[in-house]
Amino acid sequence: MQRPYTDPHPGGTGEAPARHRIAVLALPGVPPFELGIPSRVFGSVLDAGGRSLYEVTVCTADGAPVLSDAGFTVQPAAGPEALAAADTVIVPPTHAMPELGNGGPLPPEVTAAITRIRPGTRLVSICTGSYVLAAAGLLDGRPATTHWNLAPEFRRAYPRVKVDEEVLFVDDGDVLTSAGVAAGVDLCLHMIRRDHGAAAANRAARMCVVPPWRDGGQAQYIDRPVPEPTVATTTATRAWALEHLGEPLSLTRLAEHARMSLRSFTRRFRDEVGMTPVQWLTAQRLQLAKQLLDSTDLPIDLVAHRSGFGSANSMRAHMRAAFGISPASYRRTFSSNNRAETGV
């Protein structure tokens with residue numbers, strides 16, 4: 001269950017809420033791709049009047065330029081004062097602090113900058129930016145992720161962190177961590193979905209020409225022997241299943257569609273997606289249910305039927321297990337119609 005996080009600029013007064021302030025901490029050796037993700041993704045989120053809902057500022061620990069790992073200098077818009085004013089702080093990776101891989105201390109100026117972050121600020125890391133949060137003690141006792149290839153090292157360096165290297169991101173309420181590189185995009189879209197609903201996240205994804213939700217976790221990217229080209233895959237069956245989520249989809253039916261034996265289909269599916277067919281189906285149905293709850297006024301029984309859960313009780317049990325919230329509570333909290341009525 002996610003820990004609670006409250007937006008510091010809630011709507012509901014009839015007036016446009018203040019823009020959510022995001023500070024992106026650029027450290028020496030920052031990769032340009034990861035550094036640019038927050039500005040690109042959150043900058044695509046607009047309200048009905050075309051006004052940006054997020055204000056993204058790139059800052060450094062001391063206000064001075066930093067050298068990226070691509071060899072060019074990043075000129076920040078602000079110094080550590082941006083961290084003190086932020087509602088969300090995002091830390092991209094750094095490739096210039098190898099001591100963190102051994103659990104070593106942060107540079108004094110970075111420690112000083114991080115101490116300026118206000119209590120209750122939402123903290124986010126992209127890829128190995130998790131090392132910075134862990135070195136600052138901000139991940140102690142909490143679930144987190146990082147790039148799968150560095151998970152063993154991370155676990156040794158920061159044994160108090162509950163590392164899960166098989167997921168694309170971890171949402172622990174006010175602290176969120178993502179896996180390598182493009183998983184930072186997934187996490188930013190997830191945050192938009194949490195802040196403003198599925199429709200806003202989908203619009204941002206379309207503007208960035210990326211999928212609004214990626215199947216599976218990091219397990220599908222872990223280095224494994226590449227199958228021979230003649231070996232059948234489950235790709236077409238997964239695409240077909242997404243178009244038939246409201247129907248009964250037994251493992252036998254999926255295997256028959258893929259023209260494989262049950263055993264071969266299950267093994268191939270897990271190799272390609274990183275989870276079992278049943279786990280994948282449940283995840284897709286949950287996403288569809290959330291989308292229907294968010295963007296339609298369909299009765300909950302009908303949402304359950306269309307998303308393939310069969311009954312409201314079944315959908316309610318799955319949503320409580322996955323998100324710690326009931327369908328009715330999710331709709332009250334995240335419905336686009338509710339936000340339109342309250343001015344959010």
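How many residues does H11 have, and how far does it reach from its first C-alpha to its last? In this predicted model, local features need pLDDT of at least 70 and side-chain atom pairs count only at pLDDT 80 or more, while totals for chains, interfaces and linings use all residues. Residues are numbered from 1 along each chain as its sequence is written, and side-chain values use heavy atoms, with hydrogens and water left out.

Helix H11 has 19 residues and spans 27 Å, close to the 27 Å expected at 1.5 Å a residue; the expected span is 1.5 Å times one less than the number of residues. Helices are DSSP runs (H or I, at least four residues), numbered from the N terminus. Buried residues of H11 (under 20% relative accessible area, 1.4 Å probe, protein chains only) include Trp-280, Leu-281 and Gln-284.

These residues of H11 meet Arg-238, Ala-241 and Leu-242 of H8, where contact means heavy atoms within 4.5 Å. The axes of H8 (residues 235-242) and H11 (residues 277-295) come within 11 Å and cross at roughly 35°; axes are lines fitted to C-alpha atoms over the stretch in contact, and angles run from 0 to 180 degrees between N-to-C directions. The crossing is right-handed, that is, the near helix is turned clockwise from the far one by less than a right angle. The contact comprises four nonpolar residues, one polar and one charged.

Helices H1 (residues 32-42) and H6 (residues 183-196) pack at about 35°, with axes 10 Å apart, in a right-handed crossing. Ile-37, Pro-38, Val-41 and Phe-42 of H1 meet residues of H6 including Val-185, Cys-188 and Leu-189. This contact has nine nonpolar residues, one polar and no charged.

Methods. Helix = DSSP H or I, 4+ residues; strand = E, 2+ residues; numbered from the N terminus. Nonpolar A, V, L, I, M, F, W, Y, C, P; charged D, E, K, R; others polar. Buried < 20%, exposed > 50% of the residue type's maximum accessible area, 1.4 Å probe, protein only.
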